[in-house]
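Biologist: Hello! I am new to this structure and would like a close look at a single part, with its surroundings explained along the way.

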Amino acid sequence: MNKTTLVSSTFENPSTRLCFFLLFLAQTTVLSRQKPFRWLNTRSDQRSYIYFVMVGGEKQSLSPKEIIHHKFGVKASYRIEQVHVSSQSTCLYRCHLQLPDFSVVSNVFKRKKDAELSAAELALEKLGIHPQGDDDDDDDITVEQAWDDIVERIKYIFSDEFLSSDHPLGSHLRGTLLRDGERRGSLPLSIIAALDAKINSRCKVINPSVDKDPILAMSYVMKAAAKLSDYIVASPHVAALRRKNPYPPAVVEALATHGESIKVEAVYIQCATSGEEVVDLITLDISSGRYYLDIIAEKLGLKDSSQLIISRTFGKTPSGYECRVYSAIPKLNPSDKSSKAYGKRPVDDEEDQSSRFKNPWNAKASSACGQDIHGDAIVAALGYSCRSNDLEHDDVTLKSFYRICCGMSPNGIYKFSRQALIAATLPFSFTTKSSWRGPLPREMLSIFCRQQQLAEPVFTISTSPVKPLSETLRSLKKLKDSESNDSNNQCVNEYAGSDDSFNHYNSKDEEELPVLESGYKCGVKILSKSLQDLVLDCSPRNFYEKESYAIQNAALKALTWFGSLFDDLDADPEQPRCYMKGHMNWMFTRNVMIKGKFPSSKRYEEPAYDESKTMDMDRKPKRVQTIPNGSLVSISYSVSVEVEADFWGRSGKCLRELTESNEEIEFEVGVGSMNPHLESVVTQMSVGQYACFVTNMPAEGLVLADANDTARTRSLLSKLAAGLEYNVHLLGVKGPTEKRVESVFFKPPLWKQRVGYAVKLIKESSASTLVDFGCGSGSLLESLLEVPTSLQTIVGVDISQKALDRAAKMLHVKLNKEACNVNTATLYDGSILEFDSRLHDIDIGTCLEVIEHMEEDQACEFGEKVLSLFRPKLLIVSTPNFEYNTILQRSTTPENQEENKSESQLPKFRNHDHKFEWTREQFNHWATKLAERHNYSLEFSGVGGSGEVEPGFASQIAVFKREALVVESVAEGSMQPYKVIWEWKKGNEEKKE
């Protein structure tokens, strides 16, 4: 091997160091083309040493961040964002990496540098660069070398030098020296396997499954120690190692410590042969003269700590201390002959795994730490660390234990993020980012994978189109038919974007439902971290309009699947898989009891009690939903554990304990983000109304995780008549957006159909200039750049600075990337009610879904101005058909409410910002008068639905064609109120603000 190393002298002067560096670079210019070099800068005793290492014949590689730096330099910008997740005691970080042509966002990590590394890796993946990293030395180590390393490491651990080290194993060794007799200095195998990173990594080289099987790692440590028979005592009957020759007395005396005795609360999980485990608090009395693991072993009925097995760390106490599970090393049944080696567990038949051991499987302890635990177990937060030689400790209470367990599940991660463990549930559908509350599904999936020692999820995007189906209007009858299907195969999602795993149509209806003709579809794969075995391959069949929506829904489906494994702890066993009307009615009738009077409480004391604002219903009322799905609802609530008065006999008083309360929380109706008991009641209320109701009890662990007084709450839960009492105040309701309502019926979405109609006319017109009045974010302009047209000049006008900024960014990317005929593009800030002479006598003017955002007299004024002054050869105007709203709102109007509605009640506008919406007759009258006055011919059409079937098109369109070939000219510069916000010219890009 040819290796050349050049080491500089010590330079105190920075200028001298720089000169040496430049001289070195000059001398090695030619050589550096053939051999890579590395420059390392270290500091010792306030002196700087510069090392230049020329390496030949070795494979050198750059880290992902170094590759990004070499490729983009200062053009690569990293931005760290803090992500607060309530279930985590520490802050998490996400990195945004901005490159010249695109940006990437990492998953969330505990360390900033991990987030930056992840972002760099994602960027390289997008660029198609696959670096060969050398970060993991284990990749180049053979099994024989791994065994040798383990042997050398064990020998070093029992050396005089290591005994005084700050390594946690050093503290454990010093603790074992407090013992007497043969156990003095005897270190448990489980501690060596769990705490020494090098031994653990080398064991993975031998067999990657040790990550999930600590007993296998212990067997490897024992096998390696057997090669040190002259130095280490390793008995096959005792799972511990000790040095053959005792440590020198002088060394032991110098390291002797006399710490204070401490008492630590821990959780004892008693494993039952039948039924659930029993969870109780215990106190560990750690005396100063004893090894703390021996005390834990005695609590478990074991002889000493050599019989203990220790889990990986998981969860944290409120003070930030990590927890571990301590249990007995499981013993194989005498009849089981499938495993002859010490501690080697059979893994070929997982279903019979538990039957191979004498001790029963401990479900609660196993789910908490992510490893198989058999027999009784103790969860404690104490141990040694590199920070201190003292024993660090913290209490693990029942509440903190159940909060840790709850936070390990996808449902729990979401609950903690909303700070509503009882009220909130993980939604089953991701609709829009604006409606979603809490961390996004992709972030939660990354958090869950790290907690469960799984590899980061891998998302795969595809854009293959699906076979288009007829755009058949979904009628009210079809909705009713779908909802009346048997509960085993129903759950019709009323929004675009939900997957088939939650939506089952009968075959007759499924053929008639419109779907997206194209879009994004995302699959997600999750592998085990060590073995890289496939754990989950989730491939939703639905297509989505946006790539981000496809990713979020794929992540949500994966979370839902994983969440089903934790239902015994954090989910109501009777909770429906979706929020269909039939399910909600059944849940409400069966499990909710409305109280006739709102009780007084500290949280909800009213200055003046209004009887009319209280839900006064029968004990078994009929559910009448008044708030449509897709609405954003804001409530305040409290939840208390209650024991009925009848249970206590003479006292006649209910006992209550406040468990959870929230002054204000917002959620989307119909996607499962709130528990069905609460949502089934809230969706019947009116703004300002109060309700009090009682439901059945969820899982005990969930209530204890949320309780303020755990002991009292646990006492109440033991009563047979215990239930949950909700007190709710409806603060506000925001109806579903126009886009959401329309998405129920139309695929592609109605806005895309409008744009497509306009693009078709523009292509056929052979026009060269176009002005989009009320261009917004530029959806029409963007679509025009994606198809070949004769347009050479495109203009957008709007009064929204935000919308114009978004349009400018989009146009900048599109025009500089895609080849098109457009020579000039301009965005103006101005009102379309004002005339600008620069836009006189244009070829085409468009105004799609704009006039309804004005007052009616302003819409008439716009019509006059555009046809008399702007004088386009062709004008396309679209606006909602008010008559169609009745059909659109049936998708979000509950059936019972629809039946009770009087004929005089009119449907609402589609958007809260609409000042008016015209019927077909009103729109026809407006357009006809304008066309006659200004010598334009007129054609009516529309998109969404059919013009030949009542109530016509959902979006009505008028196309004005100018009869006059020549119009009077306008003096240039006479009227120019519009302000140029952004301008682009082919070959000479320019932006003005």
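Where is Leu-839 found?

Modeller: Happy to show you! This is a predicted model, in which local features need pLDDT of at least 70 and side-chain atom pairs count only at pLDDT 80 or more, while totals for chains, interfaces and linings use all residues. Residues are numbered from 1 along each chain as its sequence is written, and side-chain values use heavy atoms, leaving out hydrogens and water.

Leu-839 sits in the loop between E27 and E28 (helices, H or I of at least four residues, and strands, E of at least two, are DSSP runs numbered from the N terminus). With a relative accessible area of 3%, Leu-839 is buried (buried means under 20% relative accessible area, exposed over 50%, partly exposed in between, with a 1.4 Å probe and protein chains only).

What surrounds Leu-839? Setting aside its neighbours within four places in sequence, Leu-839 is in contact with Val-771, Val-795, Val-797, Tyr-828, Phe-870 and Tyr-978 (contact means heavy atoms within 4.5 Å). Phe-870 deserves a second look. Leu-839 and Phe-870 are 31 residues apart in sequence, yet their C-alpha atoms are 6.2 Å apart in space. Phe-870 is itself buried, with a relative accessible area of 0%.

Phe-870 also has an aromatic partner, so let us turn to the rings. The structure holds 21 aromatic pairs (rings of Phe, Tyr and Trp, the last by its six-membered ring, pair if their centres lie within 6.5 Å; planes under 30 degrees apart count as stacked, over 60 as edge-to-face and the rest as tilted). One of them joins Tyr-292 and Tyr-384: their ring centres are 5.7 Å apart and their planes stand at 70 degrees, so this pair is edge-to-face. Because Tyr-292 lies in helix H12 (residues 292-299) and Tyr-384 in strand E15 (residues 377-385), the pair ties together parts that are 92 residues apart in sequence.

Back at our loop, the rings of Phe-835 and Phe-870 have centres 5.0 Å apart and planes at 75 degrees, so they too make an edge-to-face pair. Phe-835 belongs to the loop between strand E27 (824-829) and strand E28 (844-848), and Phe-870 to helix H29 (residues 856-870), so this pair ties together parts that are 35 residues apart in sequence. At 5% relative accessibility, Phe-835 counts as buried.

So here is the picture to keep: the loop between E27 and E28 holds Leu-839, Phe-870 is among the residues that Leu-839 contacts, and the ring of Phe-870 pairs edge-to-face with that of Phe-835.
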